[in-house]
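Trainee: Could you take me through the charged pairs in this one, slowly, and then show me how the sheet and the ligand site look? I'd like to know which residues to click on as we go.

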Amino acid sequence: MFVVHIASEMAPFIKVGGLADVIHGLSKKWIEKGEKTLVILPKYSFIPPLKSAQEEIFSSFFEGNWVKNKAVSITFEKIPILFIEPLENTLFSGESAYTQNDFAKFLYFCRACLDYLQQKNIPFDILHLHDWHTSFCSFLIKTLFSQNSLAKKKTILTIHNLLYQGIGPISFLKKLGASQKQTQKLASSPLFEKSLINLLQVGIQYADWITAVSPSYAQEIITAKKGCGLHTILRQRKRVLSGIVNGLDEDAWNPEKDLHVPFPFSYKNSPVEIDRQKRKNRSLLEKQLHLPERKGPLVIAVCRLVEQKGPELLAFAARYTLQNGGNFVLLGSHPGEKDTALFAPLIKKPGFHLHLIYDDGLARLSFAAADFIVIPSRFEPCGLTQLIAMRYAAIPIARKTGGLQDTLFDIDDTSISKEKKNGYLFENYEETELEATLKRAFNMWHKNPSQKTFLRKNGMQQKSGWEKSVEEYEKLYQKLLSLPEPSSSDICGSQKDSLP
Ligand code: ADP
């Protein structure tokens with residue numbers, strides 16, 4: 001089966017968060033299964049020239065004209081990847097994937113991807129879209145491209161994070177070639193306010209299937225509390241909504257082979273050996289970051305430093321760790337001003353290190369050095385850092401929400417079987433609950449080495465690879481292919497609305 005992914009990130013070329021890891025891991029495993037794929041990405045201007053690339057020129061429609069793009073093809077780890085680079089505008093320029101003009105940038109990208117697939121007659125079966133940046137393809141394919149064979153292709157939209165939705169002027173759609181009738185129709189939908197359109201919402205309406213990145217998150221997003229304003233529409237599409245938990249690329253995240261881990265280790269080593277190697281990594285990291293040697297555990301957090309990740313509770317965990325004799329390292333990329341300010345009182349304290357930029361190498365060494373990782377998220381669609389941490393023998397202390405709830409099991413929960421237990425969980429976003437959980441974890445660390453070994457072993461041996469999730473996606477793709485044309489009751493807008 002031939003699956004085309006259209007996405008805004010893919011590791012290692014473009015990475016802001018977990019989306020990048022997922023596009024890489026999922027497409028890699030799909031190829032390893034002997035299936036076909038093509039990943040289409042924007043060629044942002046910060047991406048350096050690509051080795052052994054093949055280039056061709058194609059046109060896409062924008063602002064009433066056909067404009068030229070370069071299609072740059074490479075194969076990376078056997079994954080065919082196509083980068084699209086606009087030649088007649090600067091929409092993809094900037095130092096990061098996400099900039100001020102994202103709405104225009106990703107609409108342009110969506111249209112260009114479909115123009116490419118149509119013009120080159122790519123014989124794919126499923127179009128797999130990811131988040132708001134590419135969700136609009138599901139609308140375009142059934143409207144602008146309705147006269148084309150593309151219109152018959154099944155689309156699946158994966159929601160990696162419902163918070164980000166892509167809102168902008170409906171009038172922009174005319175630039176993509178939408179007719180007056182088409183734009184008016186969307187504008188008159190009671191779902192849209194004034195003249196604004198929400199690209200994720202349209203994607204949810206028009207996709208043939210929707211997945212969230214964990215079963216718990218799929219349940220959460222249909223509630224008013226966690227639905228980010230889209231719960232009603234998601235509820236209407238509940239019949240075609242499911243959750244598939246993300247996997248982890250176990251080659252890319254392997255403490256035995258990781259070039260950033262100077263003292264490697266694996267689950268096959270003895271607990272004593274794992275402990276010895278982790279201590280050496282810790283020593284090196286602490287020297288590198290000018291942290292004092294302390295008797296308590298090393299606690300880390302690795303995240304985008306945004307509201308979702310629970311900055312107040314991260315600061316609380318840092319204070320608790322310092323007060324209880326440990327060191328705390330926070331790698332927080334893309335910080336907001338308010339979130340950074342929370343850590344100002346901690347910066348000069350011995351034992352605390354704040355690193356406010358994305359740093360893959362330092363993150364990897366930190367995972368290998370850490371005793372605990374703390375993840376107190378307000379919500380977490382899936383979360384990858386708990387999975388990475390466990391592979392690197394760092395024990396997670398996390399809030400019981402979304403994908404954290406689907407992948408972590410508390411050591412003291414008597415309803416959980418022994419083999420599954422792998423960390424510490426707390427229920428509510430409250431300092432007192434986090435404090436009690438940190439206390440349990442620190443007590444164990446100081447007084448119960450056999451439990452530490454047990455948790456590390458369970459975490460390192462947990463099956464978090466892509467095998468199971470890819471099987472679930474495959475079943476879903478097959479189901480979609482066998483479905484007749486979707487009935488109008490499944491769709492919140494008419495799909496038969498073709499353009500002239
Ligand atoms: P999200 O997708 O919400 O950002 P995830 O936990 O799903 O969160 O994935 C985050 C990914 O980004 C992980 O691979 C993590 O290691 C990486 N990451 C997050 N912040 C940083 C950082 N400051 N430096 C390096 N890597 C980071």
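Mentor: Sure, and keep in mind that this is a predicted model. Let's begin with Asp251, which counts as exposed at 56% relative accessibility. Its salt-bridge partner is Lys28, with 3.4 Å from N to O between the two side chains. Lys28 belongs to helix H1 (residues 18-32), while Asp251 sits in the loop between strand S11 (241-243) and helix H9 (271-288), so this pair ties together parts that are 223 residues apart in sequence. Unlike its exposed partner, Lys28 is buried, at a relative accessible area of 10%. By the distance rule of within 4 Å, the model holds 33 salt bridges.

Now click on Arg282 and Glu286. Their closest N and O atoms are 2.7 Å apart, which makes another salt bridge. Here the two partners share helix H9 and are 4 residues apart, about one turn of the helix. Both Arg282 and Glu286 are buried.

Arg440 and Asp412 give you a third pair to look at, with the closest N and O atoms 2.6 Å apart. This one links distant parts of the chain: Arg440 is in helix H15 (residues 431-447), and Asp412 is in the loop between helix H14 (402-407) and strand S17 (424-426), 28 residues away. Arg440 is partly exposed, at 27% relative accessibility, and Asp412 is partly exposed too, with a relative accessible area of 45%. Going back to Arg282 and Glu286, they also belong to a network of salt bridges that share partners, together with Asp275, Arg279, Asp371, Lys452 and Arg456.

On to the sheet. It is an open one of 6 strands, paired in parallel, and you can trace the order as S14-S13-S12-S15-S16-S17. Strand S14 (352-355) and S17 stand at the edges with a single partner strand each, so one side of each has no neighbour in the sheet. On average, neighbouring strands are turned by 15 degrees against each other, direction ignored. For a close-up of one pairing, take strand S13 (residues 327-333) and S14, which run parallel and are joined over 4 bridges. One spot to zoom in on is Leu331, whose bridge partner in S14 is His355.

Helices pack on this sheet as well. Helix H10 (residues 311-323) touches strand S12 (298-304), S13, S14, strand S15 (372-375) and S17, and its direction makes about 160 degrees with that of S13. Helix H12 (residues 360-369) lies across S12, S13, S14 and S15, at about 145 degrees to S12.

Last stop, the ligand. It is surrounded by 24 residues, and the closest are Lys15, Gly18, Asp21, Arg304 and Lys309. From Gly18, a backbone N or O atom lies 2.7 Å from a ligand oxygen atom. Asp21 uses its side chain instead, with a polar atom 2.8 Å from an oxygen atom of the ligand. Thr385 also comes in through its backbone, where an N or O atom lies 3.4 Å from an oxygen atom of the ligand.

Key
Residues numbered from 1 in each chain as written. Predicted model: local features only at pLDDT ≥ 70, side-chain atom pairs only at ≥ 80, totals over all residues. Heavy atoms only, no water. Helix = DSSP H or I, 4+ residues; strand = E, 2+ residues; numbered from the N terminus. Buried < 20%, exposed > 50% of the residue type's maximum accessible area, 1.4 Å probe, protein only. Pairing = 2+ DSSP bridges. Axes fitted to C-alpha atoms, helices over the stretch in contact; angles between N-to-C directions. Contact = heavy atoms within 4.5 Å. Near = heavy atom within 4 Å. Polar contact = N/O pair within 3.5 Å; in protein donor to acceptor, adjacent residues only side chain to side chain.
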